[in-house]
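Open the model in your viewer and keep the selection tool at hand. This tour goes from one selection to the next and says what is there.

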Amino acid sequence: MKAIRILLVDDDDAIREMYATIFQKNGFIVSEAKDGVEGLTIATKDMPDIVFTGIVMPTMDGFAMMEALKKNVSTSKIPVIISSHLGREEDQQRARDLGAKAFFVQGFHTPNEIIEKIGSIFEAVEYKIKFMPGELDADNLAQDMQISKDFKCVKCGSDLILVMKILNRDNHEFSAKFVCDKCSVEQK
Ligand SMILES: [Zn+2]
């Protein structure tokens, strides 16, 4: 997995420095912005893998920046995590409405929890691909993987699908496994 590029947006230098240190220690490539306007500019230019932003900031707050990111096709898919001084319910609701991937309240979550959450966002990206038995090397593949030749589930007989996970976007590398979409039994 290549390093996650994270854009850190907060007007508080000390907060930004704290998170930058945590993220760098965990192998992330960190860029920083001090408000929403700068965050938006950098996000549009650099296309980070994820944006980690505070809410209250001068010129453009975190929510306004999220809205702007969403409106732009090229940045609309960038996952955003909110980091807040306060855990106000209305802010959490707004974050959910805007599609934030997580909402962290400063001082209530350990760096490890934050790192794990970010990791899970990228691991969770899976694609289900329909597989055509009988094509090209399918028979050999079934034999070598010791799954049924017609690519049916060993338990319920449904068609198996390929679940694909991106490992590296740059060279189109991915991993894939056969699963039953109906009963989720591991195919052996
Ligand atoms: Zn099944």
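A helix here is a DSSP run of H or I with at least four residues, a strand is a run of E with at least two, and both kinds are numbered from the N terminus. Keep in mind that this is a predicted model.

**Stop 1: helix α1**

Select residues 13–25, which make up α1. How far apart are the end C-alpha atoms of α1? They are 18 Å apart, and this agrees with expectation because 13 residues at 1.5 Å a residue should span 18 Å, the expected span being 1.5 Å times one less than the number of residues. Now select Gly27, which follows α1. Its phi is positive, near 85 degrees.

**Stop 2: strand β1 and its partners**

Select residues 5–9, the strand β1. Is β1 mostly covered or mostly uncovered? It is mostly covered, with 4 of its 5 residues buried.

Add β2, residues 29–33. β1 and β2 run parallel and are joined by 5 bridges. To see one pair, pick Leu7, whose bridge partner in β2 is Ser31. Show α1 again and follow the chain: it leaves β1, passes through α1 and arrives at β2, a β-α-β crossover that is right-handed.

Next add β3, residues 50–53. β3 pairs with β1 in the parallel sense too, over 4 bridges. Here Ile6 stands opposite Ile50.

**Stop 3: the parallel sheet**

Widen the selection to take in β4 and β5. In what order do the strands of this open sheet lie? There are 5 strands, ordered β2-β1-β3-β4-β5, and their pairing is parallel. At the edges are β2 and β5 (102–105), each of which pairs on one side only. From one strand to the next, the twist averages 20 degrees.

**Stop 4: the nonpolar core**

Select Ile6, Leu7 and Leu8, the residues with the most contacts inside the largest nonpolar core, which has 22 residues. The elements that each supply at least two residues of this core include α2 (36–46), α3 (62–71) and β4 (80–84), as well as β1 and α1.

Zoom in on Leu8. Which residues is Leu8 in contact with, leaving aside its neighbours within four places in sequence? The contacts are Arg16, Tyr19, Ala20, Phe23, Val30, Glu32 and Phe52.

**Stop 5: the antiparallel sheet**

Move along to β6, residues 126–130, and β8, residues 173–180. Together with β7 they form an open sheet of 3 strands, in the order β6-β7-β8 and with antiparallel pairing. The edge strands are β6 and β8, each pairing on one side only. In this sheet the twist averages 30 degrees from one strand to the next.

Select β7, residues 160–168, which pairs with β6 over 5 bridges. Two of the pairs to look at are Lys128 with Val163 and Tyr127 with Met164. On to β8: 8 bridges join β7 to β8. One of the pairs is Ile161 with Val179 in β8.

Key: Residues numbered from 1 in each chain as written. Predicted model: local features only at pLDDT ≥ 70, side-chain atom pairs only at ≥ 80, totals over all residues. Pairing = 2+ DSSP bridges. Axes fitted to C-alpha atoms, helices over the stretch in contact; angles between N-to-C directions. Core = buried A, V, L, I, M, F, W, Y, C linked by C-beta atoms within 7 Å. Buried ≥ 20, exposed ≤ 12 C-beta atoms within 10 Å, placed from the backbone. Contact = placed C-beta atoms within 7 Å. Right-handed = clockwise from strand over helix to strand, strands pointing away.
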